[in-house]
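Here is a walk through one protein chain, taken a piece at a time. Keep the 3D view open while you read.

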Amino acid sequence: MKHRSEIWFSSYQKKDVTLDIRVKEQLYTCESDYQRIDVFQSKSFGRFLSLDGEILFSEADAFIYNEMVTHVPMAVHPNVKKVLIIGGGDGGVATELTHYPEIEEIDVVESDSKVIDICREYFPETAQGFEDERVRLYCQDGLRFLRRKSRQYDLIINDTTTPTGHTEGLFTKEFYGSCFKALKDDGIMVYQHGSPFFDDDESDFQAMHRKVFRSFPISRVYQANIPTCPSGCWMFGFASKKYHPIRDFRPKEWEKRNLKTWYYTTNLHYGAFMLPKYVEDLLKQEEE
């Protein structure tokens, strides 16, 4: 039982499911033009940021997400020079990418500039990548930005949270088609695929795979365990015009970089694409 003097934050994952975190204090709150933004301090997860009552990331587990959307494609594509991040207002993915010296340009397109400002103030370590001279920030709609691009990027990372609200357009057939057009002939796209653990999420999970599977010649799904994500088991999509995430994986080359990671390893890379049977079945239904 929770003591009355304690402060708890409830992240609503489903109608009947919440993740409750005891917080020490609320550090910030505001209503931007797009959403409510809150920053909390907790003992178990450190500082964490929530958007409209749902946790976006925490200091304790953000490294898992950032490493898995960055190192998986970077260990496959042999020559990434130009990267586009859709969303990414916290700076975590951009920061992870700056560890690769061969990357020449990192474009970050975040619709809500307030997220960038707040993360720079309250999560400076996560947002430090914004200060890299290779990073360029664009505060505008991601789909609108993409429509003007053709064969420019080696890697696109869709770092948008959920397919609802002002980011709904970033999970449509048009969006994935625009990503295909914006990628070079050997480009890779990585994106959040959500979790199909709860029954009422299955149809959205399948619909997303169906759109990408029909847009790219190579489409695979991989996973990571992220405690603050709904169900704790989070999926990612890997879509490519040319490279397969396992057949074209270059573990020895990646290990020579001697990058410091806390979650990603070349062994884990293989394992992340080995999915539970119920997930495989959901994906096969769309592919067949």
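## Around Y222

Let's start in the middle of things. Leaving aside residues up to four places away in sequence, Y222 touches M68, V69, V72, V190, W234, M235, F236, G237, F238, A272, F273 and L275. Bear in mind that this is a predicted model.

## Two nonpolar cores

Y222 is also one of the residues with the most contacts inside the largest nonpolar core, together with L49, M68, L97, L155 and F236. That core has 53 residues, and helix 1 (residues 62–74) gives the most to it, with 7 residues. There is a second, separate core of 19 residues, and I86, A182, L183 and A239 are among them.

As background, nonpolar side chains in soluble globular proteins tend to be buried together.

## Strands 11 and 12

Strand 11 (218–225) is largely enclosed by the rest of the structure, because 6 of its 8 residues are buried. It runs antiparallel to strand 12 (233–240), and 8 bridges join the two. If you want a place to pick up the pairing, look at N225, which stands opposite C233 in strand 12.

## Helix 6 and its cover

How far apart are the end C-alpha atoms of helix 6? They are 20 Å apart, which agrees with the 20 Å that the 14 residues of helix 6 (residues 202–215) should span at 1.5 Å a residue.

The buried residues of this helix are F205, Q206, A207, M208, H209, V212 and S215. What covers them includes helix 5 (173–182), strand 10 (183–194), strand 11, strand 12 and helix 9 (277–287).

## The five-stranded sheet

Now over to the N-terminal strands. Five strands form an open sheet in the order 1-2-3-4-5, with antiparallel pairing. Strand 1 and strand 5 (54–58) are at the edges with a single partner strand each, so one side of each has no neighbour in the sheet. On average, neighbouring strands here are turned by 50° against each other, direction ignored.

Within this sheet, strand 1 (residues 7–14) and strand 2 (residues 17–31) are joined by 7 bridges, and a hairpin of 2 residues links them. K14 has V17 in strand 2 as its bridge partner. Further along, strand 3 (residues 36–42) pairs with strand 4 (residues 47–51) over 5 bridges, again in the antiparallel sense. I37 is partnered there by L51 in strand 4. In general, strands of a sheet pair through backbone hydrogen bonds, either parallel or antiparallel.

## Helix 3, in two roles

Helix 3 (residues 113–122) lies across strand 2, strand 3, strand 4 and strand 5, and runs at about 95° to strand 2.

For a parallel pair, go to strand 7 (residues 105–109) and strand 8 (residues 135–138), which are joined by 4 bridges. I106 faces V135 of strand 8 in this pairing. The chain gets from strand 7 to strand 8 through helix 3, and this β-α-β crossover is right-handed.

## M274, out in a loop

Is M274 buried or exposed? M274 is exposed, because its relative accessible area is 60% and the cut-off for exposed is over 50%. You'll find M274 in the loop between helix 8 (266–272) and helix 9.

To place it against another part of the chain, take C179: the C-alpha atoms of M274 and C179 are separated by 26 Å, with their positions 95 residues apart along the chain.

Methods: Residues numbered from 1 in each chain as written. Predicted model: local features only at pLDDT ≥ 70, side-chain atom pairs only at ≥ 80, totals over all residues. Heavy atoms only, no water. Pairing = 2+ DSSP bridges. Axes fitted to C-alpha atoms, helices over the stretch in contact; angles between N-to-C directions. Contact = heavy atoms within 4.5 Å. Core = buried A, V, L, I, M, F, W, Y, C linked by side-chain atoms within 4.5 Å. Buried < 20%, exposed > 50% of the residue type's maximum accessible area, 1.4 Å probe, protein only. Expected span 1.5 Å × (residues − 1). Right-handed = clockwise from strand over helix to strand, strands pointing away.
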